[in-house]
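Subject: Structure handover

Hello,

Here is the structure for you to work with. My notes come after it.

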Amino acid sequence: MYILRKYLLATVLAILCSSSVLAQSLPALHVEGPFLVDENGKRHNLHGFAQTFSPWFNEQGSKWNNYNVAECLRYNKGILDGIMNAGWQMTFVRQHMDPYWSNTPGVQVNGENDISAFSFTRFKKYLDEVFVPMAEYAIGKGLYVVMRPPGVCPEDITIGDAYQQYLIKVWEHVAQHPKLKNNGCIMFELANEPVRIKNADGTQAGDKEMTAYFQKIVDVMRKHCNNILLIPGLGWQSSYAGFANYPIQGENIGYAVHCYPGWYNGGHGNGDVVVNYREFKRGWDAQILPVAVTNPVVVTEMDWAPSKYNSSWGKSNTGEEGKTGFGANFMKIADETRNVSWLTFTGGELLARYKDDAPDGQTFLTDPEACPRPCYRRFQYYASQEYSDLINQPDYRPEIKEEPLFSLTDEWFNPNIWEQGTFDEATGCLKTGQYGFGGWQYPRGVDLSTWKYLVVELKRTQSCGASFRLFDVNNYWDKPAMYNFGNNTRLMVDLQNMKDETGKRLDPSHIYIVGFWSYGSSPIYINKVYLSDDGQTPTEILTPESGEEEVAREYYSLDGRRLGSPQRGLNLVKVTQSNGKTRVFKACYK
């Protein structure tokens with residue numbers, strides 16, 4: 001009897017240990033506000049690397065081939081071991097369920113976005129034989145796992161299209177897998193690098209449709225699992241502001257972001273990109289911060305190095321925090337956002353060869369201007385108790401500023417929305433890049449519909465073909481309303497009758513981008529930009545009358561700048577315009 005009980009106990013333990021759901025060595029994660037939080041209430045920002053399970057991405061086919069499962073597992077487990085043995089303080093790995101395994105052998109495809117060769121039978125087989133074993137192995141080594149589906153998105157997606165149905169088929173199966181479902185150590189990145197979303201008739205769709213596209217996939221998965229789901233954005237996973245207006249509904253939702261040198265208006269260059277901190281952070285705050293204040297962000301692709309090494313996707317240098325350079329500023333911005341997990345996309349075989357005690361040199365693994373060395377050392381800090389104590393402080397939360405309207409200051413005016421420009425707030429001088437655009441971006445959109453006019457005044461006549469443009473879609477490449485200055489120094493935009501070049505009327509209730517386009521051949525001297533009911537600058541402040549405070553809903557200065565929510569030093573004012581109409585605001589004049 002004792003022997004039988006011992007046998008039964010051993011059998012039960014073996015069954016339990018075979019399930020990563022029950023035997024996981026890591027505390028399960030869930031989303032709580034904007035943070036990844038474990039079952040003990042501790043917050044986590046994760047840091048890691050990526051693995052792709054195909055011969056080409058495993059050292060260009062030199063290590064294994066011919067659908068050899070055993071050799072694939074041996075090689076990739078060895079790489080993971082090598083990375084950990086090299087001292088990397090990794091806490092997660094992004095694993096690509098590469099279409100090498102799920103495509104029917106011998107069927108030609110046109111890139112990774114071509115799903116015509118996809119075999120669901122093969123996907124199910126190799127999910128069990130390759131992807132689940134690798135996820136379990138990583139968890140056993142102390143790493144959380146992000147799984148991404150086979151391949152990449154086509155450049156144009158549409159609600160109900162074949163690609164959405166493909167994603168639903170893949171994820172519905174994954175969400176029911178007994179070793180994956182409800183596993184608090186495994187997150188799912190729902191797609192890789194969508195670019196644009198279109199309506200069924202081929203016209204440009206928007207933020208609402210993007211949310212609807214992925215909400216459908218989320219809803220299907222939620223019938224089977226509660227794993228953390230990471231939602232991609234448009235523009236190769238760089239555009240997220242729309243999710244602030246149309247958030248994905250449900251629990252355990254995060255956003256999967258990609259970031260490379262030059263993205264987020266951060267820099268320019270045909271070779272190595274020169275990245276400027278202020279512009280980089282401005283672009284990041286416009287696109288990423290609107291979702292970071294409500295949900296965790298996981299950067300699932302990011303790397304950099306000087307192009308001479310040919311060892312990274314991103315071509316730039318580390319540079320100096322707060323000044324120029326991609327790497328130092330990316331890490332600074334991620335830390336400033338406060339709830340960003342991120343990885344280095346460097347090949348695992350290179351990470352495994354890293355030696356931190358090697359002197360600085362002119363190789364990819366020893367040059368401090370390439371990502372391995374600064375990332376390795378930053379990860380050491382992230383693994384410290386000091387960092388853990390920091391992110392678990394109650395007041396450690398992402399912060400977002402209220403954007404003022406049409407502020408002619410360095411903080412809010414962006415001369416680099418397209419091409420590299422310059423702006424001097426002391427003189428109002430804007431010089432765009434060639435065919436460039438500078439102005440203001442409002443990633444959550446601003447409502448101008450209660451005003452009749454937007455007035456633009458220049459200090460002198462321009463000679464660079466300047467036009468003033470407004471966009472009601474959060475996409476610079478959409479069609480704006482355009483107003484040419486010619487020899488005039490003053491424009492009045494009729495906000496209720498704005499039209500693009502096709503005659504389509506713009507909606508003033510959600511304006512995302514406003515500013516100046518030019519050839520870049522000479523400067524534009526801006527005097528002021530303001531809202532008005534009659535085209536005249538409001539000038540008079542009267543003592544507020546009884547009961548008028550109740551009608552104050554937003555907070556502006558006399559020149560139309562939105563100032564934010566009520567605070568000490570804000571006075572209720574009544575603005576009387578030349579047509580006799582009045583508006584009541586709270587505004588700061590002290």
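What follows covers the pockets, the cavities and two helix packings.

Please keep in mind that this is a predicted model.

Pockets

The largest pocket encloses about 1,600 Å³ of space. Its lining is made up of 46 residues, and those nearest the centre are S239, N474, N475, Y476 and W477. Several elements contribute at least two residues each to this lining. The helices on that list are α7 (207-222), α8 (234-237) and α10 (277-287). The strands are β9 (196-197), β12 (267-268), β16 (414-418) and β24 (511-518). Sorted by class, the lining of the largest pocket comprises 18 nonpolar, 18 polar and 10 charged residues.

For the second largest pocket, the volume is about 830 Å³. There are 34 residues in its lining, with T52, F57, W313, F345 and G347 nearest the centre. At least two lining residues come from each of β4 (47-52), α3 (69-85) and α13 (348-351). The lining of the second largest pocket splits into 12 nonpolar, 13 polar and nine charged residues.

Cavities

Three cavities of 30 Å³ or more are present in the structure. I looked into the second largest of them, which has a volume of about 70 Å³. The residues around the second largest cavity are D207, M210, T211, L234, S239, Y240, G242 and F243. Two elements, α7 and α9 (242-245), give two or more residues to that lining. The biggest share comes from α7, with three residues. By class, four lining residues of this cavity are nonpolar, three are polar and one is charged.

The second largest cavity and the largest pocket have some parts in common. S239 lines the cavity and is also among the residues nearest the centre of the largest pocket. Helix α7 supplies residues to the lining of the cavity and to that of the pocket.

Helix packing

Both helix pairs described here include a helix that helps line the largest pocket, namely α7 in one pair and α10 in the other.

How do α6 and α7 lie relative to each other? The axes of α6 (residues 162-176) and α7 come within 9 Å and cross at roughly 25°. With angles under 35 degrees counted as roughly parallel, α6 and α7 are therefore roughly parallel to each other. The crossing of α6 past α7 is right-handed. On the α6 side, the contact is made by Y163, Q164, L167, I168, W171, E172 and A175. On the α7 side, A212, Y213, F214, K216, I217, V220 and M221 take part. The contact of α6 with α7 has 11 nonpolar residues, one polar residue and two charged ones.

In the other pair, α10 packs with α12 (residues 327-337) at an angle of about 40°, and the axes are 10 Å apart. The two helices α10 and α12 are therefore oblique to each other. Here too the crossing, of α10 past α12, is right-handed. From α10, the residues Y277, F280, K281 and W284 meet N329, F330, K332, I333, E336 and T337 of α12. By class, the contact of α10 with α12 has five nonpolar, two polar and three charged residues.

Regards

Key
Residues are numbered from 1 along each chain as its sequence is written. This is a predicted model: local features need pLDDT of at least 70, side-chain atom pairs count only at pLDDT 80 or more; totals for chains, interfaces and linings use all residues. Side-chain values use heavy atoms; hydrogens and water are left out. On a 1 Å grid over the protein atoms alone, a cavity is a set of points where a 1.4 Å probe fits but cannot get out, and a pocket is an open set with protein on both sides within 12 Å along at least five of seven lines; lining residues have an atom within 4 Å of a point. Grid points are joined across faces, edges and corners, and a volume is the space filled by probe spheres set on the points. Helices (H or I, at least four residues) and strands (E, at least two) are DSSP runs, numbered from the N terminus. Ala, Val, Leu, Ile, Met, Phe, Trp, Tyr, Cys and Pro count as nonpolar, Asp, Glu, Lys and Arg as charged, and the others, Gly among them, as polar. Axes are lines fitted to C-alpha atoms, for helices over the stretch in contact, and angles run from 0 to 180 degrees between N-to-C directions. Angles under 35 degrees count as roughly parallel, over 145 as roughly antiparallel, 65 to 115 as roughly perpendicular and the rest as oblique. A crossing is left-handed if the near helix is turned anticlockwise from the far one by less than a right angle, and right-handed if clockwise. Contact means heavy atoms within 4.5 Å.
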